Amino acid sequence: MNSIVAYIFLGVSLAAPIGPVNAAQLDTGIKNGFFHAWIFGIGALTADVLYMIMVYFGIGQIIEFPLVKIILWSFGCFVLTYTGIAGLLSLHKIELA
């Protein structure tokens with residue numbers, strides 16, 4: 001019985017931390033309402049399912065090619081840079097009531 005409780009505690013502790021998708025979903029919900037946040041969550045779920053399907057069918061072998069790595073790194077760099085700059089530029093637009 002102790003091992004079952006330990007595994008339940010482990011599962012809850014791994015599921016509890018908020019990730020970037022949940023943070024973006026909360027932000028979308030606060031700014032645009034429930035429906036927009038719900039659609040955002042459905043989109044994230046769809047992306048996760050597609051990723052799992054691609055991994056299942058062996059897309060990991062394609063990612064090992066140097067050209068594909070460079071493209072993925074460049075895209076990731078662009079997305080993170082854009083998100084950071086957009087976040088910094090929108091700081092003055094946030095109003096506290």
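Which residues form a nonpolar patch on the surface? Select Phe34, Phe35, Trp38, Ile39, Ile42, Leu45, Val49, Leu50, Met52, Ile53, Tyr56 and Phe57: together they form this patch, with about 1400 Å² of accessible area. Patch members have over 30% relative accessible area and no salt bridge (a side-chain nitrogen of Lys or Arg within 4 Å of a carboxyl oxygen of Asp or Glu); nonpolar side chains (Val, Leu, Ile, Met, Phe, Trp, Tyr) are joined within 5 Å, and like charges within 9 Å. Areas follow the Shrake-Rupley method with a 1.4 Å probe, and for residues only the protein chains shown count as cover.

The model is predicted: local features need pLDDT (the predictor's confidence in each residue, from 0 to 100) of at least 70, side-chain atom pairs count only at pLDDT 80 or more, and totals for chains, interfaces and linings use all residues. Residues are numbered from 1 along each chain as its sequence is written, and side-chain values use heavy atoms, with hydrogens and water left out.

Next, select Phe57, in the loop between H3 and helix H4 (60-63); helices are DSSP runs (H or I, at least four residues), numbered from the N terminus. Phe57 counts as exposed because its relative accessibility is 66% (exposed is over 50%, buried under 20%, partly exposed in between; 1.4 Å probe, protein chains only).

Now select Ala37, Gly41 and Ala44, the buried residues of H3. Their cover includes helix H2 (20-32).

Within helix H2, pick Thr28, which counts as buried at 16% relative accessibility. Thr28 touches Gly33, His36, Ala37 and Phe40 (heavy atoms within 4.5 Å), not counting residues up to four places away in sequence.

Definitions and conventions:
Helices (H or I, at least four residues) and strands (E, at least two) are DSSP runs, numbered from the N terminus.
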